[in-house]
Each structure stands twice: as C-alpha cells, then as structure tokens.
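Welcome! Please have a look at the structure below, then follow this short briefing topic by topic.

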Amino acid sequence: MPITWFSMLLIFLSVLIVPQPAGAEYVTATIAVGSNPLDVAVNPVTNKTYVTNFDSQNVTVIDGKMNAAVTVAVGRSPGPVAVNPVKIGR
C-alpha cells in the first residue's frame, strides 16, 4: 500500500498531538507502601498518589509535594483504585 498525502498528514499530526515526556526520568524519593501493592492511581490536581496494598488491607496515600505518606485501613483485599482529577473551588 503506497504512502499517500493523507497518511503522511496523519503521521505529522500524531507527532504534534502526542504528549512528550515531562522530564521526570529520575527518582526523587522512595516511599514505602504496604505489603503486596496491587494498584496505583495518581491525582495530578492534588499531587496525591493512592496505592492499594492487598495483603496489608490498606491504602497508602502519598503526598507528592511533601514526599510523605499516610496509611488508611480499608478492610480485606482492597482492589483497583481510581481518582477523579477535578479541581474544586479556586
């Protein structure tokens, strides 16, 4: 199949539209989480990361600004986690 002007345009646009890495390519901190981490979700609005720890029966909440973590008990076998990165208020 020959390359057409349309396919070249799509390739060109995909290079312009696809986001490039933000430069965070090195470790800035190491934070311990619970036993058998299962899933992770990041909220870029609040700069918080949530890690479900299957065997520990908790969720570790990591504050990206302070590089500190708190653990929240959630009961048996926590599963997947998700966030809704919506800014509330100002």
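In this predicted model, Lys48 is partly exposed, because its relative accessible area is 26%, which falls between the 20% limit for buried and the 50% limit for exposed. Lys48 is a good place to start, since its side chain meets that of Asp63 in a salt bridge. From there we can step out to the sheet, a buried threonine and a patch on the surface.

**The salt bridge**
- Side chains of opposite charge can pair when their charged atoms come close.
- Here, the N to O distance between the side chains of Lys48 and Asp63 is 3.5 Å.
- Lys48 belongs to strand E2 (residues 48–53) and Asp63 to strand E3 (residues 58–63), so their pairing ties together parts that are 15 residues apart in sequence.
- The count of salt bridges comes to one.

**The fold and its sheet**
- Reading from the N terminus, you meet the elements in the order α-β-β-β-β, that is, one helix and four strands.
- The four strands make an open sheet, ordered E1-E2-E3-E4, with antiparallel pairing.
- Strand E1 (37–43) and strand E4 are the edge strands, each pairing on one side only.
- On average, neighbouring strands of this sheet are turned by 20° against each other, direction ignored.
- Six bridges join E1 and E2 in the antiparallel sense.
- Lys48 appears again here: this residue of E2 is the bridge partner of Asn43.

**A buried threonine**
- Is Thr52, a residue of strand E2, buried or exposed? Thr52 counts as buried, because its relative accessibility is 3%, and buried means under 20%.
- Beyond its neighbours within four places in sequence, Thr52 has contacts that include Asn36, Pro37, Leu38 and Asp39.
- Asn58, Val59, Pro78, Gly79 and Val81 are also among the contacts of Thr52.

**The surface**
- Which residues form a nonpolar patch on the surface? They are Val70, Val72 and Val74, with about 230 Å² of accessible area together.
- Val70 sits in strand E4 (residues 68–73), one of the edge strands of the sheet.
- The protein chain exposes about 7,300 Å², and carbon and sulfur atoms supply 63% of that area.

**The chain as a whole**
- The protein chain has 90 residues, of which 13% count as buried.
- Among contacts between residues at least 6 apart in sequence, 31% join residues at least 24 apart.

Key:
Residues are numbered from 1 along each chain as its sequence is written. This is a predicted model: local features need pLDDT of at least 70, side-chain atom pairs count only at pLDDT 80 or more; totals for chains, interfaces and linings use all residues. Side-chain values use heavy atoms; hydrogens and water are left out. Patches are made of residues with over 30% relative accessible area and no salt bridge: like charges are joined within 9 Å, nonpolar side chains (Val, Leu, Ile, Met, Phe, Trp, Tyr) within 5 Å. Accessible areas come from the Shrake-Rupley method with a 1.4 Å probe; for residues, only the protein chains shown count as cover. A salt bridge is a side-chain nitrogen of Lys or Arg within 4 Å of a carboxyl oxygen of Asp or Glu. Helices (H or I, at least four residues) and strands (E, at least two) are DSSP runs, numbered from the N terminus. Buried means under 20% relative accessible area, exposed over 50%, partly exposed in between (1.4 Å probe, protein chains only). Contact means heavy atoms within 4.5 Å. Two strands pair if DSSP finds at least two bridges between them. Axes are lines fitted to C-alpha atoms, for helices over the stretch in contact, and angles run from 0 to 180 degrees between N-to-C directions.
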